[in-house]
Amino acid sequence: MFLLGDIQFFEIPNFLLISIVGMLIVSLLLGLVMGRFLITPVITFIVLAISAFVLPNFFDIKYNALLGYAIFLAIIALILDIVYFFVTKERRQKKKMQRKAVKDQERFDNEINRGEARATKIDE
């Protein structure tokens with residue numbers, strides 16, 4: 001009988017390790033850095049679903065298990081992206097307020113400059 005407690009770190013198949021780490025890295029890059037939240041689960045599912053139909057040609061494994069794993073990791077990526085969305089919500093609102101303040105300041109400066117330009121034309 002094979003128990004979960006008997007697994008050593010180096011006995012985990014490389015595919016599982018690489019797919020989890022890859023999903024976490026892509027999720028961090030797209031979610032936190034770029035602000036694209038729902039792209040990561042889609043990319044994760046597509047890449048792992050394609051590999052679910054390619055890997056059985058080279059290894060003794062059924063595609064059903066790999067496709068279930070693709071769905072599982074896509075759901076985990078979706079949960080991570082939802083968490084990232086709510087964690088960065090306040091920061092995005094602050095950036096939006098700063099952009100609005102800069103835009104209002106530029107509009108005010110442009111109106112002042114137009115008024116000064118009209119006043120100098122009238123004086124000349």
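# A walk through a four-helix chain

Starting at the N terminus, the elements of the protein chain follow the order α-α-α-α. That gives four helices and zero strands. Keep in mind as you look around that this is a predicted model. The protein chain has 124 residues, and 19% of them count as buried. Among its contacts with a separation of 6 or more, 64% join residues 24 or more positions apart.

**Stop one: α1 and α2**

Select residues 14-33, which form helix α1, and then residues 39-54, which form helix α2. How do these two helices pack? Their angle is about 155°, and their axes lie 9 Å apart. Angles over 145 degrees count as roughly antiparallel, so α1 is roughly antiparallel to α2. The crossing of α1 past α2 is right-handed.

To see the contact, show the side of α1 with Phe-15, Ser-19, Met-23, Val-26, Ser-27 and Leu-30. From α2, add Ile-39, Thr-40, Ile-43, Thr-44, Leu-48 and Ser-51. Colour this contact of α1 with α2 by class and you will find seven nonpolar, five polar and no charged residues.

**Stop two: α1 and α3**

Keep α1 on screen and select residues 63-87, helix α3. Here the packing angle is about 30°, with the axes 10 Å apart. Since angles under 35 degrees count as roughly parallel, α1 is roughly parallel to α3. Again you can look for a right-handed crossing, this time where α1 passes α3.

On α1, the residues making this contact are Phe-15, Leu-16, Ser-19, Ile-20, Met-23, Leu-24, Ser-27, Leu-28, Gly-31 and Leu-32. Their partners on α3 are Leu-66, Tyr-69, Leu-73, Ile-76, Ala-77, Leu-80, Asp-81 and Tyr-84. Sorted by class, the residues of the contact of α1 with α3 come to 14 nonpolar, three polar and one charged.

**Stop three: a closer look at Leu-80**

Now centre the view on Leu-80. Which residues does Leu-80 touch, leaving aside its neighbours within four places in sequence? The answer is Met-23, Leu-24 and Ser-27.

**Last stop: the nonpolar core**

In soluble globular proteins, nonpolar side chains tend to be buried together. To view the largest nonpolar core here, select Met-23, Phe-37, Leu-48, Tyr-69, Ala-70, Leu-73, Ala-77, Leu-80 and Tyr-84, nine residues in all. Which helix gives this core its largest share? Helix α3 does, with six residues. Met-23 is a good place to finish: this member of the core also takes part in the contact of α1 with α2 and in that of α1 with α3.

Terms used:
Residues are numbered from 1 along each chain as its sequence is written. This is a predicted model: local features need pLDDT of at least 70, side-chain atom pairs count only at pLDDT 80 or more; totals for chains, interfaces and linings use all residues. Side-chain values use heavy atoms; hydrogens and water are left out. Axes are lines fitted to C-alpha atoms, for helices over the stretch in contact, and angles run from 0 to 180 degrees between N-to-C directions. Angles under 35 degrees count as roughly parallel, over 145 as roughly antiparallel, 65 to 115 as roughly perpendicular and the rest as oblique. A crossing is left-handed if the near helix is turned anticlockwise from the far one by less than a right angle, and right-handed if clockwise. Contact means heavy atoms within 4.5 Å. Ala, Val, Leu, Ile, Met, Phe, Trp, Tyr, Cys and Pro count as nonpolar, Asp, Glu, Lys and Arg as charged, and the others, Gly among them, as polar. A nonpolar core is a set of buried Ala, Val, Leu, Ile, Met, Phe, Trp, Tyr and Cys residues joined through side-chain atoms within 4.5 Å. Buried means under 20% relative accessible area, exposed over 50%, partly exposed in between (1.4 Å probe, protein chains only).
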